[in-house]
Amino acid sequence: MARASAALEVAQPVAARSSGRHWPLRRRKNVQGEAEMLMPLWLSRLVVAVTVVVVVVPLGYMVLMSFTPNNDVALGTISSAVLTVSNYVHMWSDAPLAQGLVNTLIIAGSSAALSVAVGLLAAYPLTRFVFRGRRGYLYTLIGVQTVPGTTLLLPLFAVFSWAQTTLSVHMIGTYFPIILTYMTFGVPLSTWLLVAYLRSVPRELDEAALVDGCSHLGALWRVLFPVALPAVVVAFVFAFLVGWNDVLFASVFTNQSTQTLAIALERFSATSESTGLPVYGELMSAAVVSSLPVVIIYLIFQRYLVHGLAAGSTTG
Amino acid sequence: MAGRPRGAAPWLVAAARRWRDRPLWMLLPATVALLVIVLVPVVITIWLSLLNVNVSTLRQWLGAPFYGIHNFINAFTQPSTLGVTLGWSIFVSFAFSLLTTVVITPIGMLTAFSVHRRFRGRGVVRAIYLIPYVVPTFVTALTARVVFLNGSGLVDKILGGLGITNGQTYWLIGPNAYWAMQLTEIWATWPFIYLMTLAGLQAVPKEHYEASALDGAGKFQRMRYVIVPELAGVLKLAMLLSTLFHFGNFTLAFVMFGSPPPTGVEVLPIAAYYNAFDFFNYGVASAIAVITMVILIIPGYLYLRSTRLAGELA
């Protein structure tokens, strides 16, 4: 719309412009601009100013404290001019953050990859065929996302410890149960995202592949997968962040050597407070480091965020 | 195409053909996953809630003695190690999720309306708005722990500096803990409503704004008769989802406070968690989980209905 009116304006003879006959166009633009303005200007400005301050101040405080020596944070000497990067150096040796990071990458990465693979496989028949129970299946996919985490934690823990005793295999503390658990959220989420995407991909595409002699699996892998790559990436990212952000399951299913970044940080905070030497500065630098990748990923995938929200996000 | 192999039964050939032509087997991994890690655990939770399962019977929980509704009675009548009963936790959870939704809805709507208009720096403002929501909850909780420190934290500094309090409030223990958690949750989650409202606004056809502007509708009239009706659906969904998610809040209460957390923040997930992994009473913990599920059935059902699958997928 804006582009069209600009083009029109260029088409106006210069004489007409200088004589002020372009005002109908201007006015049209104003109507449009006004239409976008849902509230009085002063109110919009006030709301933006207040909310930006309220959001930025605690975040700024977190970053500032991450560069402030531990003792100064505990004493609250905010004005200290002794900003230092030592927190960012010492936190790696004071808490097993590097190990936690590696564990998180392994756990969240595998569970996201498995979730997307399973989801892609399921999204194909769900969008390509009409069969009895299809709608029920889709409803189930949404329904399971409302099951609260604590409802799943206890029985999974009971099953894993039972399997551990009965089959005498080591389970709790290994990667396996935690990867499986994160698929609880990853599979419905990625299936739903991929169903939504594949629905908009014309069927002619995979039908052509079938005519050319591809199997269904081949059509999915060779034709639809490349087309659906954006949705695959988004599903992977959302499933990955489930593992990155979780504390509930990881605090039960992991041990010293398999703990995720979130747990490493949580224990670091708990132990440092119980020993009476709170390392708040290092805690904040670790907090910055563990949120920065997530914030960057989200800013990149901003456009898809609403889609992921509607598909059921689990930030709790 | 080559005709059926000699000797193969017709039904087998038909099955094989169906397998090839309609590969519903591709649903198998997802179905198994959903069954094994969601539906079966839900059934087991219900079963566990009827058994007397504690630390000595957990590993052989299948053989634990049947306990009937005793776990439920105990949950409501006997305080756990946390010193609270189930009734209290239900109350805190309700208060927390409803209050959060009630407060963040107007904030989210106002901000979405404010940045709907184009202005210089809008992209930056929108990016800033995303940050509190996308920062991992455990990071928000750790930061809140430092921000709410007694005396030396940012909140006490500001309140003390303004003379509202003496700057020596205990936020992380005692009765103020609930409000510290509530404020933190509001700070972290209002962008959810904002994002949903924004999505709803984008779905309103441009012509509707323009038509109402040309017809001389004032801002208030337009808001009342054009925008709000168009947004009603998405807002209802957003409020429902917000209530649903905040009811399951665990991480904030778990990470923000010491262990065990203060009474005021003992929401249902915290109660279930501590009953199981601190008190080792899995039966009571399962009973709490079952009650959580029962409470969430109604909003969950409303959510399913509002997704309007029928229209979208038919």
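## Report on a two-chain helical model

In this predicted model, the domain assignment splits chain A into domain 1 (2–84) and domain 2 (91–310). Nine residues of domain 1 of chain A are in contact with nine residues of domain 2 of chain A. On the domain 1 side of that contact, helix 4 (41–66) and helix 5 (70–75) of chain A each supply at least two residues. Helix 4 of chain A gives the most to this side, with four residues. Sorted by class, the residues on the domain 1 side are six nonpolar, three polar and no charged.

Chain B is also divided into two parts by the assignment: domain 1 (10–31 + 33–46) and domain 2 (75–313). The C-alpha centres of domain 1 of chain B and domain 2 of chain B lie 37 Å apart.

### The chains as wholes

The table sets out some values for each chain.

| Chain | Helices and strands | Buried residues | Contacts (separation of 6 or more) that join residues at least 24 apart |
|---|---|---|---|
| Chain A | 17 helices, zero strands | 44% of 316 residues | 73% |
| Chain B | 14 helices, zero strands | 45% of 314 residues | 67% |

Read from its start to its end, chain B follows the pattern α-α-α-α-α-α-α-α-α-α-α-α-α-α. The radius of gyration of chain B is 26 Å, well over the 20 Å that the globule rule gives for 314 residues, so chain B is more spread out than a compact globule. The C-alpha trace of chain B spans about 90 × 65 × 30 Å along its principal axes.

### Where the chains meet

How many residues does the contact take from chain A and from chain B? Chain A contributes 90 residues and chain B contributes 89 residues. The side of chain A that touches chain B is made up of 61 nonpolar, 24 polar and five charged residues.

In soluble globular proteins, nonpolar side chains tend to be buried together. In this model, the largest nonpolar core has 171 residues. The members of this core that touch the most other members are Leu194(A), Ala235(A), Ala253(B) and Ile288(B). Leaving aside neighbours within four places in sequence, Leu194(A) is in contact with Gly119(A), Leu120(A), Ala123(A), Ala228(A), Ala231(A) and Ala235(A).

### Helix 12 of chain B

Is helix 12 (residues 268–277) of chain B largely enclosed or largely open? Nine of its 10 residues are buried, so helix 12 of chain B is largely enclosed by the rest of the structure. The buried residues of this helix are Leu268(B), Pro269(B), Ile270(B), Ala271(B), Ala272(B), Tyr273(B), Tyr274(B), Asn275(B) and Ala276(B).

The cover over these buried residues includes elements from both chains: helix 9 (149–166) of chain A, together with helix 4 (86–116), helix 11 and helix 13 (282–306) of chain B.

Thr251(B) belongs to helix 11 (residues 251–256) of chain B. Thr251(B) has 25 C-beta neighbours inside 10 Å. The cut-off for a buried residue is 20 or more, and Thr251(B) therefore counts as buried. Between Thr251(B) and Pro269(B) there are 9.2 Å in space, C-alpha to C-alpha, and the two are 18 residues apart in sequence.

### Two residues with positive phi

Most residues other than glycine have a negative phi, and most peptide bonds are trans. Two residues can be looked at with this in mind.

Ser168(A) has a positive phi of about 40° although it is not a glycine. Ser168(A) sits in the loop between helix 9 and helix 10 (175–198) of chain A. Is Ser168(A) buried or exposed? Ser168(A) is exposed, because it has 7 other C-beta atoms within 10 Å, and a residue with 12 or fewer is classed that way.

Phe280(B) is not a glycine either, and its phi is positive, at about 55°. Phe280(B) is found in the loop between helix 12 and helix 13 of chain B. With 15 C-beta neighbours inside 10 Å, Phe280(B) counts as partly exposed.

Note on methods
Residues numbered from 1 in each chain as written. Chains lettered and ligands numbered in written order. Predicted model: local features only at pLDDT ≥ 70, side-chain atom pairs only at ≥ 80, totals over all residues. Contact = placed C-beta atoms within 7 Å. Nonpolar A, V, L, I, M, F, W, Y, C, P; charged D, E, K, R; others polar. Domains from an automatic or database assignment. Rg over C-alpha atoms; globule rule 2.2 N^0.38 Å. Core = buried A, V, L, I, M, F, W, Y, C linked by C-beta atoms within 7 Å.
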